[in-house]
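Biologist: Got a minute to go through this one with me? Drop it in here and we can talk it over.

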Amino acid sequence: MHEMTIAMNIVDIVCKQANDENAHKINSVNLEIGTLSGIMIDSLEFCFEAACKNTIADGAGLNINIIKAEAFCQTCNNNFSIESDFSPCPICDNFNYKLLKGKELSIKSFNID
Amino acid sequence: MCDTCGCGQPNEAVTIRKPGEDGHSHPHHHEHEHSQPHDHSHSHDHGREIVVETDILSKNNLIAERNRGYFEAKNIFTLNLVSSPGSGKTTILEKTISSLKNQITCAVIEGDQQTMNDANRIDATGAAVVQVNTGTGCHLDSDMINQGVKKLDLENDSILFIENVGNLVCPALFDLGEAHKVVIISVTEGDDKPHKYPTMFSVSDLCIINKTDLLPYVDFDIEKCKEYARQVNPNIEFIELSATKGDGMEKWTNWLLSKTSLN
């Protein structure tokens, strides 16, 4: 359900910036979202379309660059790709790791006319 | 549409009030542009590319940091209590406020979709309280806390408890300016909750396991629950208690007093 808030935030940010650029239309928005960011992509896409209604982003495309989560194991000093918040290190089976990426939730750029 | 909770309702649906007070509209307003002329042309993306590199939650995070600065300046220890509905958050708060009464001043911001019920319960303990009703919204955000704090007139050297909307998903993403998130789970829930809702357990510093007096009657394995939670967050601390019977409450109040460095 928080995907709607996220979508509203995206539209708010890009509309404000597009306004500063004297744009009359936002064609597309480019995001970066990590696999462990807590966002459901399908739900966000659905909400984004609704959030764009009655703004200059109405009908804008949404391009999402999904960032696969990666962690550094502090026990065996290896990097590994991590599927969930509770996957152990595949090499030493410990949970003592630092997340390197996967929590991204950002707007990279957008395209205007 | 409301840009606070994204729920399709106007912002006016969010109310912040003290017990006995009439509800009034949430004062923040929409800033984004509406009613632009509708353009029926297809988007070919041949226009200008604007690079922004902005965190989507930047607005919430900015206000949260403002709140945090206010709390630090006044030495107010702020906790964001998160859980499923019915885990016993309000009962824990009632008992905590009563037992700390002579040691430290406590205030509460209550978050629920509807009703003043929880605020009225806290009001009966004598602590200052405001109720945020989010309408259909699923979480509190930092602006609601900012508005709520302005109504509370908080004392220096005190504790502020924020009781979030009962929901183990959405509140995890919204920083309110708290010192710690505290996740509460009761033994009448499944012991695999940390695996089912890992984000909440990964952002919390303390996990309270409540209703331990019911352990003989339910199929809840405390050690398993802790193990699951540690898999998500190796640094999470635990306190087991029964708010209604009082067992373990001292451990919790001691934890609070040790963190506030006011004892």
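Modeller: Two strands pair here if DSSP finds at least two bridges between them. With that in hand, Asn80(B) stands opposite Lys181(B) in β7(B). Keep in mind that this is a predicted model.

Biologist: OK, so how many bridges join β3 to β7 in chain B, and do they run parallel or antiparallel?

Modeller: Five bridges, and the strands run parallel. β3(B) covers residues 76-83 and β7(B) covers residues 180-186.

Biologist: And what's the strand order in the whole sheet?

Modeller: It goes β1-β5-β4-β6-β3-β7-β8-β9 in chain B, eight strands in an open sheet with mixed pairing. At the edges sit β1 (15-17) and β9 (237-240) of chain B, each pairing on one side only. From one strand to the next the twist averages 20°.

Biologist: Tell me about β6(B). How many of its residues are buried?

Modeller: Six of its six, so to speak "mostly covered". Ser158(B), Leu160(B) and Ile162(B) point one way, while Ile159(B), Phe161(B) and Glu163(B) point the other way, and all are buried. As a rule, side chains in a regular strand alternate between the two faces of the sheet.

Biologist: Which residue is the bridge partner of Leu81(B) in β6(B)?

Modeller: That's Glu163(B). β3(B) and β6(B) are joined by six bridges and run parallel. β4(B) is also joined to β6(B), by five bridges, and that pair runs parallel too. There, Ile109(B) stands opposite Ile162(B).

Biologist: Switching to helices. Which strands does α2(B) lie across?

Modeller: β3, β4 (106-112), β6 (158-163), β7 and β8 (206-210) of chain B, and α2(B) runs at about 170° to β6(B). The helix takes in residues 89-100, twelve in total, and reaches 16 Å from its first C-alpha to its last, close to the 16 Å expected at 1.5 Å a residue.

Biologist: Which residues of α2(B) are buried?

Modeller: Lys89(B), Thr90(B), Ile92(B), Leu93(B), Lys95(B), Thr96(B) and Ile97(B). Another helix on those strands is α8(B), residues 249-260, which lies across β3, β6, β8 and β9 of chain B and runs at about 140° to β9(B).

Biologist: Now the other chain. How many helices and strands does chain A have?

Modeller: Two helices and six strands, and along the sequence they follow the pattern α-β-α-β-β-β-β-β. The radius of gyration of chain A is 17 Å, well over the 13 Å that the globule rule gives for 113 residues, so chain A is more spread out than a compact globule. Along the principal axes, its C-alpha atoms fill a box of roughly 55 × 25 × 15 Å.

Biologist: What percentage of the residues in chain A is buried?

Modeller: 46% of the 113 residues. On contacts in chain A between residues at least 6 apart in sequence, 72% join residues at least 24 apart.

Biologist: And α1(A), why call it largely enclosed?

Modeller: Because 15 of its 19 residues are buried, the rest of the structure largely encloses it. Its length also works out: the 19 residues, 2-20, should span 27 Å at 1.5 Å a residue, and the end C-alpha atoms are 28 Å apart, which agrees.

Biologist: What follows α1(A)?

Modeller: Asn22(A), in the loop between α1 and β1 (26-34) of chain A. Asn22(A) is not a glycine, yet has a positive phi of about 60°. Most residues other than glycine have a negative phi.

Biologist: Is Asn22(A) buried or exposed?

Modeller: Exposed, since 7 other C-beta atoms lie within 10 Å, and 12 or fewer counts as exposed. Glu53(B) is in a similar spot on phi, positive at about 50° without being a glycine. Glu53(B) is found in strand β2(B), residues 48-55, and is exposed, with 9 other C-beta atoms within 10 Å.

Biologist: Last topic, the interface. How many residues of chain B are in contact with chain A?

Modeller: 41, against 42 residues of chain A. On the chain B side, β2, α6 (198-203) and α7 (222-232) each supply at least two residues, with the largest share, eight residues, coming from β2(B). That side divides into 16 nonpolar, 14 polar and eleven charged residues.

Biologist: Which strand of chain A is joined to β2(B)?

Modeller: β6(A), residues 105-112, by six bridges, running antiparallel. One example is Asn111(A), whose bridge partner in β2(B) is Glu49(B).

Definitions and conventions
Residues are numbered from 1 along each chain as its sequence is written. Chains are lettered from A and ligands numbered from 1 in the order in which they are written. This is a predicted model: local features need pLDDT of at least 70, side-chain atom pairs count only at pLDDT 80 or more; totals for chains, interfaces and linings use all residues. Helices (H or I, at least four residues) and strands (E, at least two) are DSSP runs, numbered from the N terminus. The expected span of a helix is 1.5 Å times one less than its number of residues. A residue is buried if 20 or more other C-beta atoms lie within 10 Å of its own, exposed if 12 or fewer, and partly exposed in between; C-beta atoms are placed from the backbone. Axes are lines fitted to C-alpha atoms, for helices over the stretch in contact, and angles run from 0 to 180 degrees between N-to-C directions. Two residues are in contact if their C-beta atoms, placed from the backbone, lie within 7 Å. Ala, Val, Leu, Ile, Met, Phe, Trp, Tyr, Cys and Pro count as nonpolar, Asp, Glu, Lys and Arg as charged, and the others, Gly among them, as polar. The radius of gyration is taken over C-alpha atoms; the globule rule is 2.2 Å times the number of residues to the power 0.38.
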